[in-house]
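Grab a pencil and work through these exercises with the structure open beside you. Try each task yourself before you read its solution.

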Amino acid sequence: MMPRCETIFALSSGRPPAAIAVVRICGPSARSALEKLIGRVPQPRQAALARVRNPANGEMIDEGLALWFPGPRSETGEDMAELQLHGGHAVIAAVLDALGRIEGCRPAEAGEFTRRAFANGRLDLTAVEGLADLIAAETPAQRRQAFRQLKGLIGDRAEAWRQQLIEAAALVEARIDFADEADVPEDLVNPALHAVRRLRAEIATALADSGRGERLRDGLVVAIAGPPNAGKSTLLNRLARREAAIVSPHAGTTRDVVEVHLDLDGYPVMLLDTAGIRDGTDPVEQEGVRRARERAAAADLVLWVVDASAVGGARGEIDKNIAESDVWEINNKLDLVVDKLCTRSESRSHHDRAVTFAISAADGTGMDALVAALATYARDYFSATESAIVTRARHRRALEETVSALDRALSEGESGREELIAEDLRAAATTLGRLTGRVDVEDILDVIFRDFCIGK
Ligand code: GDP
């Protein structure tokens with residue numbers, strides 16, 4: 001654990017210049033820092049007009065609002081002060097510099113405010129993750145899921161399960177400890193096992209969401225694939241450009257795959273442009289093809305683009321390796337096809353592998369229907385996520401381990417070995433405790449807080 005005597009401060013609002021900048025101060029010296037900077041301490045939780053001065057020479061730096069949140073009823077559980085200043089580089093630099101010269105104050109590390117909130121029991125670990133997701137949320141559906149998690153959707157449930165497991169374990173242990181005493185009921189183990197069976201079913205239901213809560217964090221993966229020159233990049237650009245809500249176009253992790261994040265009807269979609277899939281002899285190209293195939297094979301949906309104007313084999317066959325994903329065949333370059341009779345087929349279901357569209361990525365023909373079908377696909381895919389509580393692989397692992405421990409307890413139950421049942425129930429409760437951060441989580445904290453920014 002970090003030493004708790006230090007007072008930390010940081011710019012908590014976005015990058016300057018901006019209209020307003022928020023500087024937060026947290027820790028035992030927050031009060032005196034506020035007194036030094038603005039000459040007084042405002043009423044708790046009430047905004048007060050304040051002149052901020054450099055304590056070293058009395059020079060006025062800025063005028064803004066000051067707030068005082070005495071612990072433990074503050075966001076971090078410790079004394080906190082907040083200054084709302086004009087958001088210019090020089091103003092912020094002067095205030096941060098003045099704070100750095102105050103005894104006991106130092107700049108905060110990334111995520112340190114939230115880490116203190118966790119250490120002081122203001123947030124459990126799943127809420128910390130929800131907060132990180134809320135800050136990262138790019139679409140309304142992601143925002144809703146993150147907010148639910150921040151407010152305890154999985155954390156409260158896991159804590160309730162843990163309490164019930166501890167009670168069940170206590171019943172079994174009572175049976176062991178007082179086995180010989182006449183006034184202890186014979187049957188404590190069966191009620192415990194009954195509760196365990198019910199809990200196991202509840203946790204298994206939460207796990208049976210086919211990973212949609214996790215997928216909502218990253219986006220539905222749609223890969224654009226097909227032979228070279230079919231028009232994949234042109235299609236990607238058109239999809240990216242016509243969707244006003246693109247959030248963060250950026251180059252992919254390899255130079256062979258370009259990723260674009262789209263917001264389709266509020267749902268996140270990650271569009272991948274894979275390098276032209278073909279078997280070349282150049283080893284570098286082969287590596288690109290291999291990566292492209294790998295990404296396409298892991299996609300939820302593949303838009304297999306072919307040049308409809310090309311004749312015969314040049315149109316390309318759907319790659320066998322991507323046959324596991326849903327595949328829509330996109331006949332592109334419709335403008336070059338003299339006989340335009342090959343318009344979209346009747347089939348709309350995305351379970352049907354025969355979905356085909358005819359478009360011209362160059363002039364935009366057929367794009368409305370394609371975009372509408374993609375939006376419907378995303379909506380259908382995510383329709384069950386409103387109830388999903390598992391949003392990270394970490395949660396899934398913890399719940400799976402819990403279920404395994406409960407299964408062991410139930411099978412011990414059949415053989416009547418009470419010590420072993422109690423041990424398995426304790427193990428299951430510990431696993432749930434790690435999920436919310438109640439027990440023994442030092443090792444995973446750094447991983448979780450790594451994603452946070454300074455000032456949060
Ligand atoms: P990729 O290799 O599959 O990414 O293909 P590109 O998007 O780079 O396109 C290959 C060539 O086909 C480029 O010259 C494009 O301008 C052209 N192209 C793409 N889509 C269309 C289309 O719908 N109609 C026509 N006429 N040309 C297109």
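**Exercise 1. Find which residues come nearest to the ligand, and sort the shell around the ligand by class.**

Step 1: Look for residues near the ligand, meaning that one of their heavy atoms lies within 4 Å of it. There are 15 residues around the ligand, and N229, K232, S233, T234 and D335 come nearest.

Step 2: Sort the shell. It has six nonpolar, six polar and three charged residues. Here Ala, Val, Leu, Ile, Met, Phe, Trp, Tyr, Cys and Pro count as nonpolar, Asp, Glu, Lys and Arg as charged, and the others, Gly among them, as polar.

Step 3: Check the helices. Helix α9 (residues 232-242) gives the most to this shell, with three residues; helices are DSSP runs (H or I, at least four residues) and strands likewise (E, at least two), numbered from the N terminus.

A word on ground rules: this is a predicted model, where local features need pLDDT of at least 70, side-chain atom pairs count only at pLDDT 80 or more, and totals for chains, interfaces and linings use all residues. Residues are numbered from 1 along each chain as its sequence is written, and side-chain values use heavy atoms, with hydrogens and water left out.

**Exercise 2. Track down what lies at 2.8 Å from an oxygen atom of the ligand.**

Step 1: Start at N229, where a polar backbone atom is 2.8 Å from a ligand oxygen.

Step 2: Move on to K333, with a side-chain N or O atom 2.9 Å from an oxygen atom of the ligand.

Step 3: Finish at A362, where a backbone N or O atom lies 3.1 Å from a ligand oxygen. As for cover, the protein takes up 69% of the 570 Å² of accessible area that the ligand has on its own (Shrake-Rupley method, 1.4 Å probe).

**Exercise 3. Describe how the rings of W328 and F357 are arranged.**

Step 1: Count first: the structure holds four aromatic pairs (ring centres of Phe, Tyr or Trp, using its six-membered ring, within 6.5 Å; planes under 30 degrees apart are stacked, over 60 edge-to-face, the rest tilted).

Step 2: The centres of W328 and F357 are 5.2 Å apart and the planes sit at 40 degrees, so this pair is tilted.

Step 3: Place the partners: W328 is in strand β12 (residues 326-332) and F357 in strand β13 (residues 356-358), 29 residues apart, so to speak a link between distant parts of the chain.

Conventions
A polar contact is a pair of N or O atoms within 3.5 Å; within protein, one must be able to donate a hydrogen and the other to accept it, and residues adjacent in sequence count only if both atoms are side-chain atoms.
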